[in-house]
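Hi,

Here is the structure I promised to pass on. Have a look at it first, and then read on for what turned up.

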Amino acid sequence: MIGSLSAGLCHSVPSFLYRVSLMMKPQVVFVLGGPGAGKGTQCSKIVENYNYTHLSAGDLLRAERAREGSEDGQLIANYIKEGKIVPVEITINLLKRAMEETMQKDEKKFRFLIDGFPRNEDNLQGWKKVMEGKADIKFVLFFDCSNEVCINRCLERGKSSGRTDDNRESLEKRIQTYLQSTRPIIELYEKEGKVRTIDASRSVDEVFAEVKAILEKEG
């Protein structure tokens, strides 16, 4: 009897551990800042040095648009073509799927940097509606940089990036959108004590030294 009981326990332990790993919620850091603040560069350095997976909402939308057999691909293409913001449910479901797939492949990969999201109130409300209780927002990494520094960096980047929106006219519009839509989201999280602000006007290495200090303090 004892033998069969212990054998039963042995069988149940791995499945119990598997269930615990499935219950592990993604630990999310939102990465925000104006165009040219260096979000992408710093995310790459974090991924190289820490056990984080970098997810860019824009990259996921572009990949879904190009994916053969995608139900939303044509819809995404139409929105992007018309310069409209893609419905928030699509963006969030792509982020959710990317996190789930990453965690299924490797259960140790449950830390995520979500770059350039939430960009506005609609994004934030959509996230709360879909992801409330399913993911933990650890904090917001805010790369703070003056508009002029951001514009100059993007103009420099535009010489080699091939990005059509790296020109002064587009940049000034993007910065206005950022100030009107994204800054209020950062201020909301500031009230909750969740924002870690970094002076992003310095060199890449100086900025990363501060990022490292924050990540090591936050654990």
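To start with the basics: of the 219 residues in the protein, 37% count as buried. Please keep in mind that this is a predicted model. The accessible surface comes to about 12800 Å², and carbon and sulfur atoms account for 52% of that. If you look at contacts between residues at least 6 apart in sequence, 74% of them join residues at least 24 apart.

On to the fold. There are nine helices and five strands, and along the sequence they follow the pattern α-β-α-β-α-α-α-β-α-β-α-α-β-α. The five strands form an open sheet with parallel pairing, in the order β2-β3-β1-β4-β5. At its edges sit β2 (53–56) and β5 (195–199), each of which pairs on one side only. From one strand to the next, the twist averages 25°.

If you want a closer look at one edge, β2 pairs with β3 (residues 111–115) in the parallel sense over four bridges. Within that pairing, Thr53 has Phe112 in β3 as its bridge partner. Helix α3 (residues 57–66) lies across β2 and β3, and runs at about 70° to β2. Over β1 (27–33), β4 (136–144) and β5 you will find helix α8 (residues 168–191) lying across, at about 130° to β4.

Now for the annotated positions. UniProt has an unreviewed entry here, and its "binding site" feature is placed at Arg62, Lys84, Ile85, Val86, Gly116, Phe117, Pro118, Arg119, Arg163 and Arg174. From this set, the lining of the largest pocket takes in Arg62, Lys84, Ile85, Val86, Gly116, Phe117, Arg119, Arg163 and Arg174. The unreviewed entry also lists Asn123 under "binding site".

I went through three of these positions in more detail.

Pro118 is in the loop between β3 and α6. Is it buried or exposed? With a relative accessible area of 0%, Pro118 falls under the 20% cut-off, so it counts as buried. Setting aside neighbours within four places in sequence, Pro118 is in contact with Phe30, Leu32, Asn123, Leu124, Thr182 and Ile185. Two of those names are worth placing on the picture: Phe30 and Leu32 are among the contacts of Pro118, and β1 spans 27–33.

Asn123 belongs to helix α6 (residues 121–131). Its relative accessible area is 7%, which is under 20%, and therefore Asn123 is buried too. Which residues does Asn123 contact, leaving aside neighbours within four places in sequence? They are Val88, Ile92, Phe117 and Pro118. Of these, Phe117 and Pro118 also carry the "binding site" annotation in the unreviewed UniProt entry.

Arg163 sits in the loop between α7 (147–161) and α8. A relative accessible area of 39% lies between the 20% and 50% cut-offs, so Arg163 is classed as partly exposed. Not counting residues up to four places away in sequence, Arg163 touches Arg157 and Arg174. Arg174 is itself on the UniProt "binding site" list, and both Arg163 and Arg174 are in the lining of the largest pocket.

If you open the file with one view in mind, I would start from that pocket and its lining, including Arg62, Lys84 and Arg119.

Cheers

How values were computed
Residues are numbered from 1 along each chain as its sequence is written. This is a predicted model: local features need pLDDT of at least 70, side-chain atom pairs count only at pLDDT 80 or more; totals for chains, interfaces and linings use all residues. Side-chain values use heavy atoms; hydrogens and water are left out. Helices (H or I, at least four residues) and strands (E, at least two) are DSSP runs, numbered from the N terminus. Buried means under 20% relative accessible area, exposed over 50%, partly exposed in between (1.4 Å probe, protein chains only). Contact means heavy atoms within 4.5 Å. Accessible areas come from the Shrake-Rupley method with a 1.4 Å probe; for residues, only the protein chains shown count as cover. UniProt positions are given in the numbering used here, feature names are shortened, and annotations may be inferred rather than shown by experiment. Two strands pair if DSSP finds at least two bridges between them. Axes are lines fitted to C-alpha atoms, for helices over the stretch in contact, and angles run from 0 to 180 degrees between N-to-C directions. On a 1 Å grid over the protein atoms alone, a cavity is a set of points where a 1.4 Å probe fits but cannot get out, and a pocket is an open set with protein on both sides within 12 Å along at least five of seven lines; lining residues have an atom within 4 Å of a point.
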